[in-house]
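Open the model in your viewer and keep the sequence panel visible. The tour below goes from stop to stop, saying what to select and what is there.

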Amino acid sequence: MRYILLLSFLTLACTSMKVPANKPINRMVAHRGAFKKNGFPENSIASLREAIRLGCIGSEFDVRMSADDSLVVNHDEHYHDLDIEKTTYSALLPFPLSNGEKLPTLREYLIAGMEDNRHTDLVLEIKPSGLGPERARAIVDRVLACVKEVNPSYNIVYISFDYSMCLRILEKIPMAHVQYLNGDKNPDQLKEAGIRGMDYNYNVYKKHPEWIPRAKALGIVLNVWTVNDLTLMNDFLKQGFDLITTNEPEAGLKLK
Ligand code: MG
């Protein structure tokens, strides 16, 4: 995220240096990778590589833990009708993604993210657990251990709908860049907790427009999901959002 903040600063600096006014501003986070335009599976390594190739500022993906404590990259609770949390990794493996890739582990995904990556931070969503708070803590701890082991060359932004997971990340790594997803905390509450970013559904900002200037005043990073409509995207960019999480990064990257 240091990179994102640095880039935001440089963008501002460049603006004041009067670089061409039509230079696109890159604030695009590819939601589940850049999957849509090329028909890649969501959360596939192919979609991650495409987000990196496009030069998105971030590429988001979802992490869950299997019954035998393997971290896998998948959005839904179920994978091929199997409840991931109650299924072993080896029982998930016979089912490839629609492009033939195997279901990626977090480790494989993090390693793939280092290839030819000069611009893209990885936005790692830890999905809530249906098995209680102890399991939720164990998932966070395992994710952090995996990231530590891989030691990626890019920055990682952690996001979660589960507030206790966000707090657990910060308990283990106080300097981690964490953004909260669920839309029920105001900027002051996030600041107080050490959460660095507000990553809310666009309807939350419509309901609480006062949170936008307050977040800016507190230095909270403003991120919004999932914005696929170009008019809406433009609107958030004009309001000074730092990041736009989208299924349409190709179109967003052309916005000026
Ligand atoms: Mg997600």
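The stops below cover a metal site, salt bridges, aromatic rings and one helix of this predicted model.

**Stop 1: the magnesium ion**

Select the magnesium ion and then E60, D62 and E125, which coordinate it at 2.0 to 2.1 Å. The contacts come from OE atoms of E60 and E125 and from OD of D62. Along the sequence, the spacing of these donor residues is E-x1-D-x62-E. Colour by accessibility, and E60 turns out to be buried, with a relative accessible area of 3%. D62 is buried too, at 1%.

**Stop 2: from D62 to a salt-bridge network**

Keep D62 selected and add K127. Their side chains meet in a salt bridge of 3.8 Å, N to O. This pair links distant parts of the chain, 65 residues apart: D62 is in strand β2 (residues 58-65), while K127 is in the loop between β6 (121-126) and α5 (133-150). Are these two residues buried or exposed? Both K127 and D62 are buried.

Next, go to D141 and R168, which form a salt bridge with the closest N and O atoms 2.7 Å apart. D141 belongs to helix α5 and R168 to helix α6, so this pair ties together parts 27 residues apart in sequence. D141 counts as partly exposed, at 23% relative accessibility, whereas R168 counts as buried, at 15%. Now select R32, E42, D62, E125 and K127 together: salt bridges that share partners join these residues into one network.

**Stop 3: E248 and K36**

Move to E248 and K36, whose side chains form a salt bridge of 2.6 Å, N to O. Which parts of the chain does this pair link? E248 is in the loop between β11 (243-246) and α11 (249-252), and K36 is in the loop between β1 (28-30) and α2 (45-54), 212 residues apart. Both ends are partly exposed: E248 has a relative accessible area of 23%, and K36 has 43%. The count for the structure comes to 14 salt bridges.

**Stop 4: aromatic rings**

Show the aromatic side chains. A search of the whole structure finds 9 aromatic pairs. One of them is F161 with W225, edge-to-face, at 5.7 Å centre to centre and with 80° between the planes. F161 sits in the loop between β7 (156-160) and α6 (163-172), and W225 in strand β10 (residues 221-225), 64 residues apart. F161 is partly exposed at 27%, as is W225 at 21%.

Then select Y163 and Y180, another edge-to-face pair, at 4.9 Å and 70°. Y163 lies in helix α6 and Y180 in strand β8 (residues 177-180), so the pair ties together parts 17 residues apart in sequence. Y163 is buried at 18%, and Y180 is buried at 2%. Add K185, which lies over the face of Y163 at 4.3 Å from the ring centre. To see the wider group, select Y163, Y180, Y200, Y205, W211, F236 and F241, which form one aromatic cluster.

**Stop 5: helix α9**

W211 leads to the last stop. Select helix α9 (residues 211-218) and pick out its buried residues, W211, I212, A215 and L218. They are on the same side of α9, because they cover an arc of only 135° around the axis. These buried residues pack against α7 (187-193), β9 (197-201), α8 (202-207) and β10. Finish on G219, just after α9, which takes a positive phi of about 75°.

Terms used
Residues are numbered from 1 along each chain as its sequence is written. Side-chain values use heavy atoms; hydrogens and water are left out. Donors are N, O and S atoms within 2.8 Å of the metal (3.2 Å for Na, K and Ca); water is not among the atoms, so sites may look incomplete. Buried means under 20% relative accessible area, exposed over 50%, partly exposed in between (1.4 Å probe, protein chains only). Rings of Phe, Tyr and Trp (its six-membered ring) pair if their centres lie within 6.5 Å; planes under 30 degrees apart count as stacked, over 60 as edge-to-face and the rest as tilted. Helices (H or I, at least four residues) and strands (E, at least two) are DSSP runs, numbered from the N terminus. A charge sits over a ring if NZ of Lys or CZ of Arg is within 6 Å of the ring centre and within 35 degrees of the ring normal. The arc is that of the directions from the helix axis to the C-beta atoms. Contact means heavy atoms within 4.5 Å. A salt bridge is a side-chain nitrogen of Lys or Arg within 4 Å of a carboxyl oxygen of Asp or Glu.
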